[in-house]
Amino acid sequence: MAKNSVLICRNYKGDVDMAEIDHFLPLLMTEEEEGVTCPIMMHGNVHFLWIKHTNLYLVATTNKNSNASLVYAFLYKLVEVFTEYFTELEEESIQDNFVVVYELLDELMDFGFPQTTDSKILQEYITQEGAKLEVAKTKVPTTVTNAVSWRSEGIKYKKNEVFIDVIESINLLVSGVKCISSLVNANGSVMSSDIVGTVKLKTMLSGMPELRLGLNDRALFALTGRDKGKTVSMEDVKFHQCVRLSRFESDRTISFIPPDGESELMSYRINTHVKPLIWIESVIEKFSHSRVEIMVKAKGQFKKQSVANNVEVRVPVPSDADSPKFKTSTGHAKYVPEKNLAVWTIKSFPGGKEFLMRASFGLPSVENDEMEGKPPITVNFEIPYFTVSGIQVRYMKIIEKSGYQALPWVRYITQSGDYQLRSNF
């Protein structure tokens, strides 16, 4: 639905009156006026679970004790599928494609239970061309009735390959970094840190192959009584629906028939103390509210063989600053006034190296420093061929009845997540 009216709706079970949706927008507007909005709202015994995307609200109604996480996962899946079909999901794309939207709603869910939610499979028999849509109804793809609903049969490639990307994002909060009249030692303390990882696949395999992925999983080695060097302990592990969960729970084997093309096989979290890979020290000096000078030192605290790419150091500056001047030992810096930031970009940052950036700004007005707060310095970066946790792909076995040979390729990437260094300005 849009802000002013219901665009399209589908009642799957018939146990909630269609008119109940008319209460959603008034409830939402009341909460917005009060300055507090809740993702779940109630009118009588009907609950509204909703998300917002561009100028649309996607709302699910229920009068039962439904699984809220499942409902929200479905709503976000709706956004993903509609975006695959219409490129941009907004009010106009719904109005221009009512027939396709109704077809999709009927296939995505059946009597209140999610059904086929993979956009690649849906596109096999629901197309945006009306003529094809009618023809497709006469033949239902085997993926709809097959247990492997995420993969079509009869896929063929001349060269069979699997590309595996292990991507780890570092979330880090450092507090208490001092800013004085000279550069300081790295004496800030890490308040919180963790690693969020994903294993992504690009599968180009013929037929219906079975894959088995082996990681240096600590729980696996403990289960088998083996010790083969460094292991990692993964928490909050989530898998794509293709993974056989019963097999993983019994012997920690990651066994699956993969979707064709790109997919996210799994995600995990590692709750561990992380040493800041790029350390930032800063000096800020103000001169009688006439100007401010900032000096920032960035140091790569990772192995010398590695290189961080596209490093971006975002340094907050006073909101009334102007007349920026920069000097850098490497890279380039610019002033982003709409965000009150000085952004220092270093395209290639080798491990163990140190670089300096100096900035000078005019301060035409007298401001209360305390009113602006103390925003953190944030850092963005990406380090290829490196994982901070030490996770490794030990093997990838590919089994297919035709017996073809396939090549697995593995790439490791570490990147910044929510990476903040808070200073005592």
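Here are some exercises with worked solutions on a predicted model of a protein chain.

**Exercise 1. Getting an overview**

Find how many helices and strands the protein chain has, and what share of its residues is buried.

*Solution.* Start with the secondary structure: the chain comes to nine helices and 21 strands. Next, turn to burial. The chain has 425 residues, and buried residues make up 44% of them. Finally, look at the contacts. Among contacts with a separation of 6 or more, 73% join residues that are 24 or more positions apart.

**Exercise 2. The buried side of a helix**

Work out which residues of helix α1 are buried, and why they can be said to share a side.

*Solution.* First, locate α1, which spans residues 24–33. Its buried residues are Phe24, Leu25, Leu28 and Glu31. Now picture looking down the axis: these residues cover an arc of only 125 degrees, so they are on the same side of α1. Then ask what covers them. The cover includes the strands β1 (40–43), β2 (46–53) and β3 (56–62). One last stop is Gly35, just after α1, where phi is positive at about 80 degrees.

**Exercise 3. Building a small sheet**

Put β1, β2 and β3 in their order in the sheet, and explain why β1 and β3 each have a side without a neighbour.

*Solution.* Let's take this one strand at a time.

- Step 1: the order is β1-β2-β3, in an open sheet with antiparallel pairing.
- Step 2: β1 and β3 stand at the edges with a single partner strand each, so one side of each has no neighbour in the sheet.
- Step 3: from one strand to the next, the twist averages 30 degrees.
- Step 4: zoom in on β1 and β2, which are joined by four bridges in the antiparallel sense. Met42 has His47 of β2 as its bridge partner, and His43 has Val46 of β2.
- Step 5: the hairpin of β1 and β2 has two residues between the strands, and Gly44 takes a positive phi near 65 degrees there.

**Exercise 4. Helices on the sheet**

Say which strands α1 and α2 meet, and at what angles the helices run.

*Solution.* Begin with α1. This helix packs on the sheet and touches β1, β2 and β3. The direction of α1 makes about 120 degrees with that of β1. Move on to α2, residues 68–86, which lies across β1, β2 and β3. Helix α2 runs at about 35 degrees to β2.

**Exercise 5. Reading aromatic pairs**

Classify the ring pairs Phe239 with Phe248 and Tyr335 with Phe361.

*Solution.* An aromatic pair is described by the distance of the ring centres and the angle of the planes. The structure holds 11 such pairs. For Phe239 and Phe248, the centres are 4.8 Å apart and the planes stand at 70 degrees. Planes over 60 degrees apart count as edge-to-face, so this pair is edge-to-face. Phe248 counts as buried because its relative accessibility is 8%, and the cut-off is under 20%.

Now repeat the reasoning for Tyr335 and Phe361. Their centres are 5.2 Å apart with the planes at 65 degrees, so this pair is edge-to-face. Tyr335 belongs to β16 (residues 332–336) and Phe361 to β18 (residues 354–362), so the pair ties together parts 26 residues apart in sequence. Both Tyr335 and Phe361 are buried.

Two more ring arrangements complete the exercise. Phe24, Phe48, Trp50 and Tyr57 form one aromatic cluster. Lys397 lies over the face of Tyr395, 5.3 Å from the ring centre.

**Exercise 6. Two loop residues**

Decide whether His240 and Asp260 are buried or partly exposed, and list what they touch.

*Solution.* His240 is in the loop between β9 (235–239) and α9 (245–251). With a relative accessible area of 18%, His240 is buried. Leaving out residues up to four places away in sequence, His240 touches Trp150, Pro259, Glu264 and Leu265.

Asp260 is in the loop between β10 (254–256) and β11 (261–270). At 22% relative accessible area, Asp260 is partly exposed. With residues up to four places away again left out, Asp260 touches Lys120, Arg151, Ile155, Tyr157 and Thr203. Take Ile155 from that list: Asp260 and Ile155 are 105 residues apart in sequence, while their C-alpha atoms are 8.3 Å apart in space.

Technical notes:
Residues numbered from 1 in each chain as written. Predicted model: local features only at pLDDT ≥ 70, side-chain atom pairs only at ≥ 80, totals over all residues. Heavy atoms only, no water. Buried < 20%, exposed > 50% of the residue type's maximum accessible area, 1.4 Å probe, protein only. Arc of directions from axis to C-beta. Contact = heavy atoms within 4.5 Å. Phe/Tyr/Trp six-rings, centres within 6.5 Å; stacked < 30°, edge-to-face > 60°. Lys NZ or Arg CZ within 6 Å of the ring centre and 35° of its normal. Pairing = 2+ DSSP bridges. Axes fitted to C-alpha atoms, helices over the stretch in contact; angles between N-to-C directions.
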